[in-house]
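Student: Could you take me through one part of this model closely? I would like to look at the aromatic rings and what lies around them.

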Amino acid sequence: MRRLRHLAAASLTAMTIAAGLPLASANAAQELHLYNWTIYIDPAVVDDFQKESGIKVTLDNYGTNEEMLAKVQAGADGYDIVFPSVFMQDIMSQLNLLGNPGLKGIDGYNNLDQKYFIAKSDPQHDICMPYNWGTTGLIYNKALTKGQAVDSWKVIFEPPETLRGKIAVLDDVRETIGAALVYNGFSFNSTDPKELAKARDTIAKAKPYWAAMLTDGIGDKVINGDFAVAQWWSGSAAQTVASKPDAVGYVIPKEGANGFQEQMCMLAKAPNVASAKAFFSYMMRPDVAAKNTNWLHGGTTNKAALTMVNPALRSDPNLYPSDEVRQRLHLVQDLGDKIRLYDAVWTKIKAE
């Protein structure tokens, strides 16, 4: 949901925020270790939690679900809470990597909108808290795309001559293959070999016209004109648009797109369970949820916080899409063993 805030990213890649009150010295043994997407939580929210609770928080970052899973599986036992996408929550549950904090018994649970409990592995809505949602669409430089339609995946898969060499796509197997599938009228989660082959051919034909496949620094490169159009996540794109509204824009392609959602989950081997539960309760508070959402430029899962979300965000149809657009959004699913089909396609794409 792998989301980059384009400002000060390097300084927050791995940070430890010291507790701000003398109270912390009386609770020196209380700690909380978060492992989250790069720049995917408001630092002020973390700092405020420390000041209120006296719990020392350490925050480390990752760039993909797969990176996080690999580190946890490799024995990174010190983390208490991770933030997987829904499909990765399902995978981690199958691998017995997630603990059960008893979400329903934590103060603030009733603030959550039940429609966001969509993980197949959590039918009782008791394990992971829905954290943030958004879309993967297109961020574009208004000057460079003037006169060109930027409302379809066609702009990156069949780019006009004027945009060739100034297009970027995500270096992400599910995102990029998924976009090609949707562009061809298929499901984002298709496992049909013929449909995947068509997606592969679509990407192979377009790849010579792309400037880059990456996940970092996209916003700045669109602003300065290195990229005219780029595939990117809505929250990060919205942050960029907010900084230069006359220069850049963001759109959900008309064919449909990935509608992602990330969760907040406690690890089975979490060493600080009490601290983790305190953080769950804190993040369920409407004022905290709204503050974090406004910083992320994301979608809140907290129904009590919605009225506190910046009206400019709530009224933006590319950030809070209509029901009609929502019907064209796809949620990445756990494909089980069939993920090998995507891996094979991706290996061939990257090798060409």
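Tutor: We start with confidence, go on to the ring cluster and its strand, and end with charges and two single residues.

This is a predicted model, in which local features need pLDDT of at least 70, side-chain atom pairs count only at pLDDT 80 or more, and totals for chains, interfaces and linings use all residues. Residues are numbered from 1 along each chain as its sequence is written, and side-chain values use heavy atoms, with hydrogens and water left out.

Confidence comes before detail. pLDDT is the predictor's confidence in each residue, from 0 to 100. The protein averages 91, and 92% of the residues score at least 70. Residues 1-28 have a pLDDT below 50. Beyond near neighbours in sequence, that stretch has 73 contacts in the model, a contact being heavy atoms within 4.5 Å. Where pLDDT is low, the predicted coordinates should not be read in detail.

Now the rings. Rings of Phe, Tyr and Trp (its six-membered ring) pair if their centres lie within 6.5 Å. Planes under 30 degrees apart count as stacked, over 60 as edge-to-face, and the rest as tilted. The structure holds 14 aromatic pairs. One of them joins Tyr35 and Tyr79, and it is stacked. Its ring centres are 4.4 Å apart, with 5 degrees between the planes. This pair links distant parts of the chain, 44 residues apart. Tyr35 belongs to strand β2 (residues 31-37), while Tyr79 is in the loop between α3 (65-73) and β4 (81-82). Helices (H or I, at least four residues) and strands (E, at least two) are DSSP runs, numbered from the N terminus.

Are these two rings buried or exposed? Buried means under 20% relative accessible area, exposed over 50%, and partly exposed in between (1.4 Å probe, protein chains only). Tyr35 has a relative accessible area of 2%, so it is buried. Tyr79 is at 8%, so it counts as buried too.

Next, look at Trp37 and Tyr62. Their ring centres are 5.0 Å apart and their planes meet at 50 degrees, so this pair is tilted. Trp37 lies in β2 and Tyr62 in strand β3 (residues 56-62), so the pair ties together parts that are 25 residues apart in sequence. Trp37 and Tyr62 are both buried. Ring pairs link Tyr35, Trp37, Tyr62 and Tyr79 into a cluster.

Step back to the strand itself. Six of the seven residues of β2 are buried, so the strand is largely enclosed by the rest of the structure. β2 pairs with β3 in the parallel sense, over seven bridges. (Two strands pair if DSSP finds at least two bridges between them.) Along this pairing, Glu31 stands opposite Lys56 in β3.

Rings can also sit under a charge. The test is NZ of Lys or CZ of Arg within 6 Å of the ring centre and within 35 degrees of the ring normal. Arg174 lies over the face of Phe87, 5.8 Å from the ring centre. The charged end of Arg174 also sits over the ring of Tyr342, 5.0 Å from its centre.

Charges meet each other as well. Side chains of opposite charge can pair when their charged atoms come close. A salt bridge is a side-chain nitrogen of Lys or Arg within 4 Å of a carboxyl oxygen of Asp or Glu. The structure holds eight salt bridges. One joins Lys51 and Asp47, with the closest N and O atoms 3.2 Å apart. These two are four residues apart in helix α2 (residues 43-53), so about one helical turn separates them. Lys51 is partly exposed, at 35% relative accessible area. Another salt bridge joins Arg200 and Asp201, 3.2 Å from N to O. Arg200 is partly exposed at 24%, and Asp201 is partly exposed at 43%. Glu52, Arg285 and Asp287 are linked in a network of salt bridges.

Two single residues finish the tour. Gln89 is found in helix α4 (residues 86-94). Gln89 has 0% relative accessibility, so it counts as buried. Leaving out residues up to four places away in sequence, Gln89 touches several others, including Pro84, Asp122 and Cys265. Tyr183 lies in helix α6 (residues 173-183) and is buried, with a relative accessible area of 18%. Beyond its neighbours within four places in sequence, Tyr183 has contacts that include Trp153, Phe157 and Glu255.
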